[in-house]
Amino acid sequence: MRVCGKNVFNELNYKDVRKVLISDTFKDQTIIEKIKNNKLKYVVTDQRVMDKMMPHNQGIIIEINDYDYKTLDAIEDESLVVMLDHLEDPHNFGAIIRTCEAKGVKSIIIPKDRGVVVNETVMKTSAGALNHVNIIMVTNLVTAMNKLKDRGYFVYSAEADGTMYNEVDYAPKVLLVIGSEGYGMNRLVSENCDILVKIPMMGK
């Protein structure tokens, strides 16, 4: 997988870096020193070639290993876990990862099929937060929900016709399920949630 940009490079785990392409006009000596000090393989490349590979690259493109998805076993005794029901937009995914990391969420669950995956857009949009959150990929969301219920989690889904989020008494261990942008929540997923909650929308 290829990612690009100075901030993305600075947030990467260098163990995942396979090769770095830097422009023949690249001037950031701090990054160049990091590349050399960490003994990363790098190639000086014509900027025009890099622009054809990835626009807006800031003079640096990094080839990294594909994302290492975790399993449900990675979830420890966490008070809040987030599940995404077939989210489609990688920009939304990256923003959710940022928000979750800011809240202290350690695990986000996504389905294996018909949904967004970790790609270069997600990595860039997450602005480094992806390095501090486990993305767990499962074959079946309902099965995963039931396994977490067996571990003491209470399942809340974000739905427009739910109870106001600030009027709910939350369990000590919460699994929060969020539907997709276009279709909302899958019927079976929704039916297996314990409580529907909503955030009030006051604007026009």
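**Strand S6 and three salt bridges**

Hi everyone, let's start in the sheet: S5 and S6 run parallel and are joined by 2 bridges. Before I go on, please keep in mind that this is a predicted model.

Staying with that pairing, Met83 has Ile109 in S6 as its bridge partner. The connection is made through helix H4, residues 90-103, and together S5, H4 and S6 form a right-handed β-α-β unit.

Now look at the other neighbour of S6. Strand S7, residues 134-138, also runs parallel to S6, and 5 bridges join the two. One position to click on is Pro111, which stands opposite Val138 in S7. Here again there is a right-handed β-α-β unit, made of S6, helix H5 (residues 120-126) and S7.

So how many residues of strand S6 are buried? The strand covers residues 107-111, and 5 of its 5 residues are buried. If you turn the strand around, you find cover on both faces: Ser107, Ile109 and Pro111 are buried on one side, and Ile108 and Ile110 are buried on the other.

Let me move on to charges. Side chains of opposite charge can pair when their charged atoms come close. In this structure there are 6 salt bridges, and I'd like to show you a few.

One of them joins the side chains of Arg2 and Glu63, at 3.5 Å from N to O. This pair ties together distant parts of the chain, with Arg2 in strand S1 (residues 2-4) and Glu63 in strand S4 (residues 60-64), 61 residues apart. Are these two residues buried or exposed? Arg2 is partly exposed, at a relative accessible area of 37%, while Glu63 is buried, at 16%.

Next, the side chains of Asp77 and Lys173 meet in a salt bridge at 3.4 Å, N to O. Again the pair links distant parts of the chain: Asp77 is in the loop between S4 and strand S5 (80-84), Lys173 is in the loop between strand S8 (154-164) and strand S9 (174-178), and they are 96 residues apart. Asp77 counts as exposed, with 66% relative accessibility, whereas Lys173 is buried, with a relative accessible area of 18%.

My last example is Glu191 with Arg187, a salt bridge whose closest N and O atoms are 3.1 Å apart. Where do these two residues lie? Both are in helix H7 (residues 187-191), 4 residues apart, or about one turn of the helix. Both Glu191 and Arg187 are exposed.

That's my tour, thanks for listening!

How values were computed:
Residues numbered from 1 in each chain as written. Predicted model: local features only at pLDDT ≥ 70, side-chain atom pairs only at ≥ 80, totals over all residues. Heavy atoms only, no water. Salt bridge = Lys/Arg side-chain N within 4 Å of Asp/Glu carboxyl O. Buried < 20%, exposed > 50% of the residue type's maximum accessible area, 1.4 Å probe, protein only. Pairing = 2+ DSSP bridges. Right-handed = clockwise from strand over helix to strand, strands pointing away.
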